[in-house]
Amino acid sequence: MGFNEEVLPSDRLMSNELKEIKENEVVVWVDPLDGTSEVALAVKNKNLALLEQVTVLIGIAYKGSPVAGIIHQPYHSTSGRTVWAIKGCGVHGLTPALGNTQKVVVTTRSHLSESVSSALEALKTKNLADNVEKVGGAGFKVLKVLEGCAAYVFASAGCKKWDTCAVEAVLTAAGGRLTDISGRELRYEQDVQLNNTGGVLATASWVKHQDYINTIPEEIKNGLPEYSSKK
Ligand SMILES: Nc1ncnc2c1ncn2[C@@H]1O[C@H](COP(=O)(O)O)[C@@H](OP(=O)(O)O)[C@H]1O
Ligand SMILES: [Mg+2]
């Protein structure tokens with residue numbers, strides 16, 4: 001990727017801050033097919049409804065933080081939809097829910113583990129999860145959070161930076177938050193470790209992120225260490 005230096009510096013409308021961005025400070029994280037297991041299952045079982053859970057994710061990080069994201073959902077309704085956000089410019093393609101009568105928590109359908117189940121049980125006891133829905137894909141789960149679910153909880157280590165960069169940008173623009181399950185920020189520099197080893201916790205704007213962090217038991221958090229942000 002490069003900048004067209006003949007165009008950008010000559011654009012008088014562009015702020016100095018934007019002109020000063022260096023190429024190596026920008027990283028684009030792409031997941032061309034999020035919800036891979038769901039695609040496989042949809043084909044195997046001829047269950048085309050599962051294709052709704054498939055998304056294409058493009059996230060842009062600047063100095064390690066997500067600043068823009070695109071979540072494209074090709075099989076939404078009849079013609080698909082594209083939900084996107086740029087830091088400071090709001091969310092487009094969907095109107096984020098401002099609350100809900102129930103706190104529905106979404107989690108993995110195909111990568112369940114003991115730590116994921118235990119974290120969900122703990123949240124239920126503190127009324128932070130009235131119901132749990134198991135669905136595929138990081139993109140689809142964050143769309144569910146934007147549309148009225150309270151949180152996306154994945155207390156396990158398999159999720160990657162390309163699963164979370166775009167969705168974090170969109171969720172943050174909607175007033176929500178995405179961290180690991182211990183509340184640590186996820187980093188997106190180009191030489192960062194690829195796995196989100198500390199798990200994923202994404203919450204809607206209308207619930208308290210810290211309540212979810214405080215409720216997930218310490219032994220689960222300690223079982224998911226975040227290694228050095230550099231390889
Ligand atoms: N145990 C595991 N092994 C491999 N990938 C995993 C994993 N757990 C989570 N993931 C990753 O997290 C993403 C969301 O998982 P899930 O749908 O189970 O919530 C998956 O995206 P993909 O569907 O693009 O592979 C996959 O990259
Ligand atoms: Mg993925």
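1. In this predicted model, strand E1 gives the most to the shell around ligand 1, with 3 residues. Both E1 and helix H2 (36-45) supply at least two residues each to that shell. Of the 17 residues around ligand 1, those that come nearest are Thr36, Thr108, His111, Gly158 and Cys159. By class, the shell divides into 10 polar, 4 charged and 3 nonpolar residues.

2. The overall dimensions are as follows. The chain has a radius of gyration of 18 Å, which agrees with the value near 17 Å for a compact globule of 231 residues. Along the principal axes, the C-alpha atoms fill a box of roughly 60 × 40 × 35 Å. Of the 231 residues, 40% count as buried. Among contacts with a separation of 6 or more, 71% are between residues 24 or more positions apart. The secondary structure of the chain comprises 7 helices and 10 strands.

3. A UniProt annotation, from an unreviewed entry, marks Asp31, Leu33, Asp34 and Asp163 as "binding site". These positions span 133 residues in sequence, yet no two of their C-alpha atoms are more than 9.6 Å apart, so they gather at one spot. The annotation itself comes from the record and may be inferred rather than shown by experiment.

4. Asp34 belongs to strand E1, which covers residues 26-34. It counts as buried because 27 C-beta neighbours lie inside 10 Å, and the cut-off for burial is 20 or more. Setting aside neighbours within four places in sequence, Asp34 is in contact with Val54, Thr55, Leu57, Gly137, Ala138, Gly139 and Asp163. One of these contacts, Asp163, carries the "binding site" annotation as well.

5. Asp163 is found in helix H5 (residues 161-173). With 27 C-beta neighbours inside 10 Å, Asp163 counts as buried. Beyond four places in sequence, its contacts are Asp31, Asp34, Leu57 and Ala138. Leu57 and Ala138 also appear among the contacts of Asp34.

6. Is the annotated Leu33 buried or exposed? Leu33 has 12 C-beta neighbours inside 10 Å and therefore counts as exposed, the limit for that class being 12 or fewer. Leu33 lies in strand E1. Not counting residues up to four places away in sequence, Leu33 touches Val39 and Val54. Val54 is also in contact with Asp34. As for Thr108, its C-alpha atom is separated by 16 Å from that of Leu33, and the two positions lie 75 residues apart in terms of chain separation.

7. The sheet that contains E1 is open and has 5 strands, in the order E1-E2-E3-E4-E5, with antiparallel pairing. E1 and strand E5 (91-92) stand at the edges with a single partner strand each, so one side of each has no neighbour in the sheet. E1 pairs with E2 in the antiparallel sense over 7 bridges. Within that pairing, Val30 has Ile58 in E2 as its bridge partner.

8. Strand E2 (residues 55-62) and strand E3 (residues 65-73) run antiparallel and are joined by 7 bridges. Val56 has His72 in E3 as its bridge partner. Leu57, a contact of both Asp34 and Asp163, stands opposite Ile71 in E3.

9. Two loop residues deserve a check of the backbone. Lys63 has a phi near 50°, a positive value in a residue other than glycine. Lys63 is found in the loop between E2 and E3, and the hairpin of these strands has 2 residues between them. With 13 other C-beta atoms within 10 Å, Lys63 is partly exposed. Ser77 likewise has a positive phi near 50°. The place of Ser77 is in the loop between E3 and strand E4 (81-86). Ser77 counts as exposed, with 8 C-beta neighbours inside 10 Å.

Note on methods. Residues numbered from 1 in each chain as written. Chains lettered and ligands numbered in written order. Predicted model: local features only at pLDDT ≥ 70, side-chain atom pairs only at ≥ 80, totals over all residues. Helix = DSSP H or I, 4+ residues; strand = E, 2+ residues; numbered from the N terminus. Contact = placed C-beta atoms within 7 Å. Rg over C-alpha atoms; globule rule 2.2 N^0.38 Å. Near = placed C-beta within 6 Å. Nonpolar A, V, L, I, M, F, W, Y, C, P; charged D, E, K, R; others polar. Pairing = 2+ DSSP bridges.
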